[in-house]
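Reader: I would like to go through this model by question and answer. Please keep to what can be computed from the atoms.

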Amino acid sequence: MDTAFIAQSGKLGSLQEYGALMSHAEVVRPTHLRTLFATDPTRASWLCFEGAGMRVDHSRQRIDRGGLRLLFALARARGVEARRDAMWRGERINITEDRSVLHVALRAARGTKILVDGRDVVADVHEVLDRMAAFSRRVRDGSWVGWTGKRIRAVVNIGIGGSDLGPAMAALALRPWSDRSIAMRFVSNVDGDDFAEQTADLDPESTLFIVASKTFTTLETMTNATTAREWSLGTLKDPRSVAKHFVAVSTNGSEVSKFGIDTANMFGFWDWVGGRYSMDSSIGLSTMIAIGPEQFDEMLAGFREMDDHFRTAPLEQNLPVIQGLLGIWNRNFLGFPTLAVVPYSHLFSRFPAYLQQLEMESNGKFVCLDGSRVTWETCPVVWGETGTNSQHAYFQMLHQGSSIVPMDLIGFRTPAHSVEGHQPLLMANILAQAQALSFGRTSDEVRKDGCEERLVAARTFEGNRPISVFMQSAPGPRALGRMVAMYEHKVFTQGVIWGIDSFDQWGVELGKKLAVHIAPDLEPGSKSTPAHDPATNAWIHWLRES
């Protein structure tokens with residue numbers, strides 16, 4: 001355990017580099033992006049970066065050369081590079097849980113060695129990947145059949161949080177590369193409507209369930225899994241049929257077996273992988289069934305490209321580091337509390353929801369590694385929806401609202417589809433929005449267009465919104481891997497600078513524990529005397545009456 005790093009975690013605000021950035025922000029804050037471009041026409045060159053198959057334009061961020069240099073100095077003062085290397089060595093950088101953090105091992109090339117307590121975890125990863133590949137091929141080629149001999153035509157992933165958001169996001173992002181003869185469904189919400197709707201048109205004889213829970217005790221997941229078993233047995237009758245229609249992503253063999261699943265069809269993962277970092281592990285079994293092992297390997301290759309870039313590129317050319325630092329600049333020095341992520345790709349529709357967990361569960365913390373309370377802001381609120389849909393929804397607020405919202409715009413030069421006439425218009429929209437949000441439209445420009453004076457104010461756009469544009473050549477498994485890995489490493493960079501543990505999630509626990517205590521009071525016919533806070537007790541009485 002790096003006691004020196006822990007001891008320094010709560011001292012961000014006292015660093016000389018932090019103070020210098022505070023002073024520099026006071027100089028830059030009043031400066032409009034129009035002025036920044038006018039005084040330095042080369043911004044579109046030196047603030048545009050390429051690496052790992054991605055092109056990123058940060059020229060519309062409200063930063064200058066001096067500010068960027070200070071941000072790199074802050075990253076070095078906080079030990080981003082050393083902390084990154086410690087992660088790759090398998091050191092226990094998840095301080096509060098005393099665990100290694102090795103999602104990078106999930107996509108490491110076969111033969112690479114990363115040791116945890118003397119054990120080569122990459123070899124373990126590839127053993128599981130090989131078992132996943134063999135099983136996926138059997139489902140895809142029809143050699144794995146259900147209890148009555150029918151071929152599997154639907155796969156339902158039952159999980160929650162990281163066991164759901166990643167696979168569900170990937171299912172849409174990779175739909176053009178999927179076997180369309182197999183329906184992919186996802187159940188996570190303990191609200192029974194979720195299960196009912198996802199299975200309403202499915203046949204139990206041709207449906208396979210993947211139950212994803214490391215402990216096989218997660219309340220929401222096991223509630224849905226039990227319902228799925230009852231639904232299945234309602235048609236198949238014989239309890240032995242469970243073994244042909246259920247597999248597990250878990251490490252709890254006894255509970256998996258007790259449920260009726262053959263442990264030969266249990267795919268494990270490890271405590272050095274948090275759920276929100278696990279979509280490329282056995283949690284991605286549904287993804288592998290959908291796209292096949294070869295395309296899954298392509299996705300892992302994309303992850304690995306960005307991993308290698310993050311691990312080896314100098315800070316000044318490092319895409320995730322630069323993205324993380326500009327997020328720090330917007331959050332801590334310019335004071336912007338949210339981040340909008342807008343993919344100009346229907347396939348990436350679920351990506352903002354995926355990032356909400358990745359970023360906010362990782363860095364939504366107010367405690368430093370040394371146990372002290374942070375005295376600076378940490379994770380922004382992450383939200384978003386696809387363009388061009390969102391342009392006709394909340395973009396009004398982004399353009400003319402009283403709050404400034406930094407934005408990540410994500411696009412692809414070449415689409416996955418062959419529909420004519422759409423891609424040029426889509427690309428025109430992403431470029432037009434970036435231009436309008438950053439440069440706006442002055443009142444003089446509005447007047448020159450012949451606008452009535454009484455409408456000039458309403459049709460003026462201040463602009464000066466911080467925008468980053470991310471582009472790859474085309475969507476696909478490799479592109480998805482790159483994109484997810486870039487945001488993972490961005491989150492890492494910011495967590496190191498904020499001095500927090502990006503890999504625990506204690507904030508998830510309290511509500512879950514309280515729900516376990518409240519639930520018995522809401523069982524049908526319960527006559528117990530609620531012993532909670534007055535507001536909760538009042539709601540319990542009301543719910544019982546209805």
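The turns below cover a sheet, its helices, some buried residues and a pocket in this predicted model.

Reader: What is the strand order of the open sheet of 6 strands?

Author: The pairing in this sheet is mixed. Its edges are strand E1 (48–51) and strand E11 (381–383), each of which pairs on one side only. From one strand to the next, the twist averages 15°. Read across, the order is E1-E2-E13-E12-E10-E11.

Reader: Do strands E2 and E13 run parallel or antiparallel?

Author: Strands of a sheet can pair in either way, through backbone hydrogen bonds. Here 5 bridges join strand E2 (residues 54–60) to strand E13 (residues 467–472). Within this pair, Met54 stands opposite Gln472. The direction of the two strands is antiparallel.

Reader: Which helix lies across E2, E12 and E13 at about 160° to E12?

Author: Helix H15 (residues 319–333) lies across E1, E2, strand E12 (407–412) and E13, but its stated angle is about 30°, taken to E2. The helix with an angle of about 160° to E12 spans residues 423–439. That helix is H18.

Reader: Is Cys48 buried or exposed?

Author: A residue counts as buried under 20% relative accessible area. Cys48 has a relative accessibility of 15%, so it falls under that cut-off. Cys451 also has 15% and counts as buried. The class of Cys48 is therefore buried.

Reader: How many disulfides are found in the whole structure?

Author: A disulfide is a covalent bond between the sulfur atoms of two cysteines. The criterion applied is a pair of cysteine sulfur atoms within 2.5 Å. A search of the whole structure gives a count of 0.

Reader: Which residues does His103 touch, leaving out those up to four places away in sequence?

Author: His103 sits in the loop between helix H6 (80–88) and strand E3 (115–116). With a relative accessible area of 2%, His103 is buried. Its contacts are Met87, Trp272, Tyr277, Asp280, Glu488, His489 and Phe503.

Reader: Which residues lie nearest the centre of the largest pocket?

Author: The largest pocket holds about 1,100 Å³ of space, and 41 residues line it. Helix H10 (219–236), helix H16 (351–363) and helix H22 (509–518) are the elements that give two or more residues to this lining. Nearest the centre are Thr218, Gly275, Gln505, Glu509 and Lys512.

Key: Residues are numbered from 1 along each chain as its sequence is written. This is a predicted model: local features need pLDDT of at least 70, side-chain atom pairs count only at pLDDT 80 or more; totals for chains, interfaces and linings use all residues. Side-chain values use heavy atoms; hydrogens and water are left out. Buried means under 20% relative accessible area, exposed over 50%, partly exposed in between (1.4 Å probe, protein chains only). Two strands pair if DSSP finds at least two bridges between them. Helices (H or I, at least four residues) and strands (E, at least two) are DSSP runs, numbered from the N terminus. Axes are lines fitted to C-alpha atoms, for helices over the stretch in contact, and angles run from 0 to 180 degrees between N-to-C directions. Contact means heavy atoms within 4.5 Å. On a 1 Å grid over the protein atoms alone, a cavity is a set of points where a 1.4 Å probe fits but cannot get out, and a pocket is an open set with protein on both sides within 12 Å along at least five of seven lines; lining residues have an atom within 4 Å of a point. Grid points are joined across faces, edges and corners, and a volume is the space filled by probe spheres set on the points.
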